[in-house]
Amino acid sequence: MMVEQKIEFSGYLTGKAEKFYWKKATVFGACILWGGAVLMLPVIAAASRALGDWRFTVIFGLAILGLPLLGFLPKRKKAKFPLTPKRIHTDGEYIVSIGDKFTESKLISDARRVVDHGEFYELVFPFGNYSDKFICQKSLLREGTLSDFEALFEGKLHRKVSQ
């Protein structure tokens, strides 16, 4: 699908969009760390068996499984800005998210769904192509229209009911 209309969201997330982004990013980071920790448990168990001391497994197992909890500690604003998207735009058949310390692009057609949360859109990509960097705050739209944006994801748009 070739995109004719350029769409751009520019500026740092604020309010509900920012809160949602940081919750999603924190959970994603913790899941990655826990996945790695679970993969390390057999290695720790083998080392414990080789050393003949089960306490090794318990101590290191608890340490490795507890380590991802550090991701839930609050970050200072100054530390958050470089990791937060500050510009999301279309570039041909791609959508690109840019922050101070990253640039990430995805095919628009790869989006599994787009959730309209009222104040912002959340682009959801399939497992294996996941990204937490595509949160588009409506008030940050600088180029194009919301109708143009929604047309890009026709059939994939889901409106979330407020609670």
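Student: What order do the strands take in the open sheet of four strands?
Tutor: The order is E7-E6-E5-E9, and the pairing is mixed. Strands here are DSSP runs of E with at least two residues, helices are runs of H or I with at least four residues, and both are numbered from the N terminus. Two strands count as paired if DSSP finds at least two bridges between them.

Student: Hang on, what sort of model is this?
Tutor: It's a predicted model, where local features need pLDDT of at least 70 and side-chain atom pairs count only at pLDDT 80 or more, while totals for chains, interfaces and linings use all residues. Residues are numbered from 1 along each chain as its sequence is written, and side-chain values use heavy atoms, with hydrogens and water left out.

Student: OK, back to that sheet. Which strands stand at the edges?
Tutor: E7 and strand E9 (157-159) do. Each has a single partner strand, so one side of each is left without a neighbour in the sheet. From one strand to the next, the twist averages 20°. For angles, axes are lines fitted to C-alpha atoms (for helices, over the stretch in contact), and values run from 0 to 180 degrees between N-to-C directions.

Student: In what sense do E5 and E9 pair?
Tutor: Strand E5 (residues 113-116) pairs with E9 in the parallel sense, over three bridges. As one example to look up, Val115 stands opposite His158 in E9.

Student: Which strands does helix H1 lie across?
Tutor: H1 (residues 15-51) lies across strand E6 (120-124) and E7, and runs at about 25° to E6. Contact means heavy atoms within 4.5 Å.

Student: What does Lys16 meet in a salt bridge?
Tutor: The side chain of Glu119, at 3.8 Å from N to O. Lys16 sits in helix H1 and Glu119 in the loop between E5 and E6, so the pair ties together parts that are 103 residues apart in sequence. A salt bridge here is a side-chain nitrogen of Lys or Arg within 4 Å of a carboxyl oxygen of Asp or Glu.

Student: How many salt bridges does that rule give?
Tutor: Nine.

Student: New topic: how are the strands ordered in the open sheet of five?
Tutor: They go E4-E3-E2-E1-E8, with antiparallel pairing. Strand E4 (103-107) and strand E8 (141-143) are at the edges with a single partner strand each, so one side of each is left without a neighbour in the sheet. Neighbouring strands of this sheet are turned by 25° against each other on average, direction ignored.

Student: Which residue of E2 does Glu8 stand opposite?
Tutor: His89. Strand E1 (residues 8-10) runs antiparallel to E2, joined by three bridges, and Ser10 has Arg87 as its bridge partner in E2. His89 also stands opposite Val96 in E3, where five bridges join E2 to E3.

Student: What about the hairpins, how many residues join E3 to E4?
Tutor: Four. Strand E3 (residues 94-98) and E4 are joined by five bridges and run antiparallel, with Ile98 partnered by Thr103. The hairpin of E2 and E3 has two residues between the strands, and Gly92 takes a positive phi near 70° there.

Student: Last one: how many cavities of 30 Å³ or more are there?
Tutor: Two, from a search of the whole structure. A cavity is a set of points on a 1 Å grid over the protein atoms alone where a 1.4 Å probe fits but cannot get out, and lining residues have an atom within 4 Å of a point. Grid points are joined across faces, edges and corners, and the volume is the space filled by probe spheres set on the points. The largest cavity holds about 50 Å³.

Student: Which strands supply at least two residues each to its lining?
Tutor: Strand E2 (87-91) and strand E7 (135-137). The largest share, three residues, comes from E7. The lining of the largest cavity includes Phe9, Arg87 and Cys136.

Terms used. On a 1 Å grid over the protein atoms alone, a cavity is a set of points where a 1.4 Å probe fits but cannot get out, and a pocket is an open set with protein on both sides within 12 Å along at least five of seven lines; lining residues have an atom within 4 Å of a point.
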